[in-house]
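Could you walk me through this structure in the viewer, one selection at a time? I would like to know what to pick next and what is there.

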Amino acid sequence: MASGPSAILAEIAEALRPCGIYLRGVAAFAPGEGPLLVGGSPARSMVLLGNIGGSLWPAFSRWRRNYGGPDPLDTFSKEAIRPLAERLGATAFFPSDPPWQPFQQWAMKADGLRPSPLGILIHPRYGLWHGYRGALGFPFEIGAEHEHVGHACDACRDKPCLAHCPVNAVTPDRFDIAACRGYLKSEAGRASCMVTGCAARNACPVGADFRYPPEQLRFHMDALL
Ligand code: B12
Ligand code: SF4
Ligand code: SF4
């Protein structure tokens, strides 16, 4: 078992690399501020884990050939992350498990990421093409270097994401979930966003190289509906 913060991070990175899941930052909490861990003490560090672009899609696709149950991506992530949590004595959190944990707040704390008009946090390199698959909470500090990145939307003059949604669900103030869902269920939506992904997300010029592969786009759209 790893001892010392940098050995722990190295072990996590090493164990999850074959699954295409990466270290996505470490959020640090003041004493008493973090969520409660198994055993009752509050977290001092939260190691965020997730995909960068289509990084997990090859491993997930292979795994899925032998899985016919519900929530495949969540199950795949849990199978990868849970044994690691046990080995490291960490508490595992997953983004889709109720009660929803504030993954986006943790990511903002870890790397200074901020939300795009779509509600998704934007990364200056990966754009809107990244997500979180889990997090490991520890009752001690892990002194990872913080990347603290800039906010791409501030420098984006034309904001094409705001112009490309066919039902104007994406606005500077809010994301209109009902309008989006209504469109996705319509014939037009089934022939457009459901096949090629969210048009507003696709219109963003940041991180275009990290765009999800077509099957992954469709998978997430099906899940959204
Ligand atoms: C519920 C939920 C939704 C709901 C509603 C969101 C809402 N109004 O709050 C719906 C179903 C609409 C949704 C949609 C999507 N979601 Co969502 N969603 C969540 C979930 C499970 C819980 C959010 C929450 O309430 N958290 C609890 C609060 C306490 O945490 P928080 O960090 O403070 O929450 C922040 C969000 O609520 C955010 N927020 C507020 N309004 C909206 C609206 C949208 C659309 C989003 C994405 C976020 C958002 O602001 C809060 C403050 O920072 C999170 C996972 C998680 N555990 O956070 C994913 C999550 C936020 N979603 C995510 C994604 C990627 C999407 C989709 C792109 C799905 C897809 N198709 O791929 C879409 C976006 C719409 C689009 N057209 O592209 C990612 C975002 C990753 C990132 N880079 O930031 C998360 C983190 C899941 C993950 N596994 O990574 N989502
Ligand atoms: S198009 Fe511009 S404003 Fe919209 S998400 Fe991308 S960078 Fe941000
Ligand atoms: S999925 Fe389609 S309808 Fe929904 S916000 Fe994106 S562009 Fe608009």
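## A tour, starting in the sheet

Begin by selecting Ser45, which stands opposite Phe138 in strand 6. Keep in mind along the way that the model is predicted.

Now widen the selection to residues 45–52, which make up strand 2, and add strand 6, residues 130–138. These two strands pair in the antiparallel sense, and 8 bridges link them.

Next, bring in the rest of the sheet. In which order do its strands lie? The order is 1-2-6-3, so read across the 4 strands of this open sheet with that list in hand; the pairing is antiparallel. To find the edges, select residues 22–28 for strand 1 and residues 91–93 for strand 3, each of which pairs on one side only. If you turn the view to look along the strands, you can follow the twist: on average, neighbouring strands of this sheet are turned by 25 degrees against each other, direction ignored.

With the sheet still shown, select residues 72–88. This is helix 3, and it lies across strand 2, strand 3 and strand 6. Relative to strand 6, helix 3 runs at about 25 degrees.

**Three stops in the loops**

Just ahead of that helix, pick Asp71, in the loop between helix 2 (57–64) and helix 3. Asp71 is not a glycine, yet its phi is positive, at about 45 degrees.

Then move to the loop between strand 3 and helix 4 (103–111), where you will find Pro99. Show the backbone here: the peptide bond from Pro98 to Pro99 is cis, and its omega is near -10 degrees.

For the third stop, go to Asn168, placed in the loop between strand 6 and helix 5. Asn168 is another residue other than glycine with a positive phi, here near 50 degrees.

**Last stop: ligand 3**

Finally, centre the view on ligand 3, which sits in the largest pocket. Which residues come nearest to ligand 3? Of the 14 around it, they are Cys165, Cys180, Cys193, Cys198 and Ala199. Colour the helices to see where the shell comes from: helix 5 (177–185) and helix 8 (199–203) are the elements that give two or more residues to it. Helix 5 supplies the largest share of the shell around ligand 3, with 3 residues.

One more colouring, by residue class, closes the tour. The shell around ligand 3 holds 14 nonpolar residues, with no polar and no charged ones.

Definitions and conventions
Residues numbered from 1 in each chain as written. Chains lettered and ligands numbered in written order. Predicted model: local features only at pLDDT ≥ 70, side-chain atom pairs only at ≥ 80, totals over all residues. Heavy atoms only, no water. Axes fitted to C-alpha atoms, helices over the stretch in contact; angles between N-to-C directions. Contact = heavy atoms within 4.5 Å. Near = heavy atom within 4 Å. 1 Å grid on protein atoms, 1.4 Å probe; cavity = no way out; pocket = protein on both sides within 12 Å on 5 of 7 lines; lining within 4 Å. Sits in = over half its atoms within 2 Å of the grid points. Nonpolar A, V, L, I, M, F, W, Y, C, P; charged D, E, K, R; others polar.
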